[in-house]
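Got your viewer open? Keep the selection box handy, and we'll walk from one stop to the next.

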Amino acid sequence: MQRRIKKVAVIGSGIMGGGIAALMASAGVEVLLLDIVPFDLTDEEKKDPKARNRMVDNGLNAAIKSKPPLFYDKKNDVPMISTGNLEDDFDKLADMDWIVEVVVENLKIKKELFKRIEGVRKPGTIVSSNTSGIPLKDMSADLNAEMCQHFMGTHFFNPVRYMHLLELIPGEKTLPEVLDFVAGFGEKMLGKGIVWAKDTPNFVGNRIGIHGIGKAMQIMLEDGLTIPEVDAIFGAPMGRPKTAIFKTSDLVGLDTMSHVSQNTYDLCVDDEERDTFIVPDFVKKLVENNQLGNKTKGGFYKKELTPEWKTLRKVIDPTTGEYVDLDRPTFPCLDAAKKCETTAEKLQTIVYGDDKGAKYAWKVTAAACIYSANRIPEISDTVVEIDNAMKWGYNFEMGPFEQWDAIGVEKSVAKMEADGMAVPENVKKMLASGATSFYKLEGTKRMFFDFAAGAYKEMKTNEKAIVLADLRANNKVVKSVPTCSLIDLGDGVFNIEFHSKMNALNGEMLDFMQEAGKYVEENGVGLVIGNQAGGMPGAFSAGGDLAYMLGLAKAGKFDEIDSFIKGVHEGIMGTKYSPYPVVAAPYGLTLGGGCETCMSADRIVAHADLFMGLVEIGAGLVPGGCGMIHLWRNYIESVPPAAKVTDLGGFFIQAFMCVAQAKVSSSAADARKNGFLRPTDRIVANKDNLIGEAKKEVLKMVDDGYAPPRKSKRVVFGREAQGMLWAEMNNMKSGGYITPHMEFIAKKAAVCMAGGDVKQGTPVTEEHLMKLEREAFVDLWRTENTQKMAEHIMKTGKPLFL
């Protein structure tokens, strides 16, 4: 039987249930979202369907209003969800292909619910629980054999759309084909990274993660560190999110963190680190006082406003339980780590340092490594599952075993033993066998050390999941400069990878792209432009190098700015008209110059989480890399060739507002609505497969007989744009909605996009449009206000409207 998922029921409309429903709807699946009938209804309300669905409708509305957005495309996705309650609509579960339970963590309630589901579900329907801690064997104890064969755990992480991890937990009787199907659906349709977990408390990610948080607190109190000191260490310098330990806990909620810790303590009676899961007294007090983190405007951290409306940042002092002023601590090891280029070098510098912060980092890191190794095979069979869980569920750059490799297994084990730590037997045996790392490359194969086999095994990955780091390690880099590389993907396809800070574009990268293009023309069949920065959402490219341009402007070197933009245009158009297919593979932040680079490609293969836009106006500028030219092209070409465009103004206003309002898409679907993606561009749910899908697209274009686009003139709106916009902008300025300088910038952008002082409908060349763009760009850099705006956004990351 060919299994398909057409209809999914999600039972429970809280934050997690709403997130799962939104993701399913975004994948094109019909969703039935159910919740209980409210307890507090009056006799009259009990007869009212709206009142009876109040709880579930509130849950759906919360998901719709969520920021960041949970839906990829609200207009099309929200109608895929219908709501109901567990009394009036329960029989509708008979039509479902998959039923996901997301109700309160109470075994009795879950068992009763599953028994009711057993009575209505059709044979073959998959039923899964999103529990984070209750054993599956307990929940399914009273269910019939056929339902048990289709019962499993599906543990999503919050926020569901953005967290890559999906833990799958087989039940004792779950059919292998059911497990394989859900894994495939989760990976391909929902875009998730699959980690196979065992039916143990908190599974993989939260078992390791909550231990790490508990151990960090425990050693912090023992060694006398402050909360800001801990977060300074276990943030970006250690390859962790900037929210580090305590800001992450505030984000998750201190009540949730405490519940997971207590659950682990209660259920893991034989865990050698059980005491680590005892919540410290100062945290218990915060929870008792309803100081739960971001959702209550105060937890470990909080903000206060003075009578003068000045924001003061405070942090809890664990020794007194009182809030104190937040400082920005550092340690010598952190200062030294700033000079290191790679995360591995930073880790070594920090954990092997001599100062107080380094000693703390070593203790916490060593404890995490030891604990993780001791959990195999209890919670998972391999180091790979644990590492992936921490990278995908906690946004770590490296999992614990990858981190262990980075600091050196032999060196660290020697130090652990010298410090009196108990090194796990499986790690000792690995070293005794002659293996000195948990991972290694054998040719193009990525291998991991399997404790059970006592030998290395090949990692199983999707063939589309190309890992650029592995190719670099396997000497597949054919050309490189400090901020850019050309990597051989095989089959004649090459990849340009950015690796500057936030992958921001600079002159070196633009020069390299032209040089790389010549190499591909002589040695290959096509090119992918893509990279694989980690984190959430990550950055394909956050824009251009403002610091370089600002330096030229302050020095009065406007001729050099003009020459630079000429070079940008040559590079962009060189990509556009290259004799081989070029496919861009953007994801996450794709702003300014990053957006313009993508729009010059023959095709875009975008990750679903794409935040794309021409945002230069926020820095006091107009787009300088042909972004307006290609945005206008996308709008005009959206009309079928046989049709005649009669209302250029309608197209112009939409395209212009994308630039004037610095619109950034909330997803790839939204980017298509804004005109940044064309109908021929593709959207991929799973970021891991992005480079592979882009490569596949290149090869398909080659196989179809690729011919580069022909140069042609574009009809423009012309001087009529002035009549349409000038008066309106003057009214906005007079009303105080925009500043005189913002009006000046917007007019420059309008002239560029409209094609200058020509009649409506005039066909103009790209060279004409590039000249207008270049002149506007240089003129704006001559103004003091634009220089101030650029300076401010560089310092704060926020626009300043002058």
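**Stop 1: a charged patch**

Start by selecting Lys-247, Lys-303, Arg-313, Arg-328 and Lys-798, which gather in a patch of positive charge on the surface. Keep in mind as you look around that this is a predicted model.

Now click on Arg-313 alone. You'll find Arg-313 in strand 10, which covers residues 311-317. Is Arg-313 buried, partly exposed or exposed? Its relative accessibility is 41%, so Arg-313 counts as partly exposed.

**Stop 2: a nonpolar patch**

Next, select Ile-36, Phe-39 and Met-55. Together, Ile-36, Phe-39 and Met-55 make a nonpolar surface patch of about 320 Å². Zoom in on Met-55, which sits in helix 3 (residues 54-65). Met-55 counts as partly exposed because its relative accessibility is 32%, and the partly exposed class runs from 20% to 50%.

**Stop 3: aromatic rings**

Time to look at some rings. A pair of aromatic rings is described by the distance of the centres and the angle of the planes. How many aromatic pairs does the structure hold? There are 23 aromatic pairs, and we'll visit two of them.

Select Phe-282 and Phe-300. The ring centres of Phe-282 and Phe-300 are 6.0 Å apart and the planes meet at 55 degrees, so this pair is tilted. The pair links distant parts of the chain, 18 residues apart: Phe-282 belongs to helix 13 (residues 281-288), while Phe-300 is in the loop between helix 13 and strand 9 (301-305). Hide the surface if you can't see them, as both Phe-282 and Phe-300 are buried.

Then move to Phe-449 and Phe-451. Why is the pair of Phe-449 and Phe-451 called edge-to-face? The planes of Phe-449 and Phe-451 are at 65 degrees, with the ring centres 6.1 Å apart, so the pair is edge-to-face; the cut-off for that label is over 60 degrees. Phe-449 and Phe-451 are both buried.

Stay here and add Phe-401, Trp-404, Phe-438 and Tyr-456 to your selection: ring pairs link these residues with Phe-449 and Phe-451 into a cluster.

**Stop 4: salt bridges**

Side chains of opposite charge can pair when their charged atoms come close. A search of the whole structure turns up 53 salt bridges, so let's pick a few.

Begin with Lys-110 and Glu-101. Their side chains meet in a salt bridge, at 2.4 Å from N to O. Are Lys-110 and Glu-101 buried or exposed? Both Lys-110 and Glu-101 are buried.

Go on to Lys-566 and Asp-562, another salt bridge, whose closest N and O atoms are 3.9 Å apart. Turn the view to see helix 24 (residues 558-576): Lys-566 and Asp-562 are four residues apart in this helix, which means about one helical turn separates them. Lys-566 counts as partly exposed because its relative accessibility is 39%.

Now select Glu-743 and Lys-733, whose side chains meet in a salt bridge of 3.1 Å (N to O). Glu-743 is in helix 31 (residues 740-754) and Lys-733 is in helix 30 (residues 720-734), so the pair ties together parts 10 residues apart in sequence. Colour the two partners by accessibility: Glu-743 counts as buried at 7% relative accessibility, whereas Lys-733 is partly exposed at 29%.

For the last stop, select Lys-464, Arg-603, Arg-682, Glu-693, Lys-696 and Glu-697. Salt bridges that share partners join these six residues into one network.

Conventions
Residues numbered from 1 in each chain as written. Predicted model: local features only at pLDDT ≥ 70, side-chain atom pairs only at ≥ 80, totals over all residues. Heavy atoms only, no water. Patch = residues over 30% accessible without salt bridge, like charges linked within 9 Å, V, L, I, M, F, W, Y side chains within 5 Å. Areas by Shrake-Rupley, 256 points an atom, 1.4 Å probe, with all protein chains shown as cover. Salt bridge = Lys/Arg side-chain N within 4 Å of Asp/Glu carboxyl O. Lys, Arg positive; Asp, Glu negative; His and termini not counted. Charge placed at Lys NZ, Arg CZ, Asp CG, Glu CD. Helix = DSSP H or I, 4+ residues; strand = E, 2+ residues; numbered from the N terminus. Buried < 20%, exposed > 50% of the residue type's maximum accessible area, 1.4 Å probe, protein only. Phe/Tyr/Trp six-rings, centres within 6.5 Å; stacked < 30°, edge-to-face > 60°.
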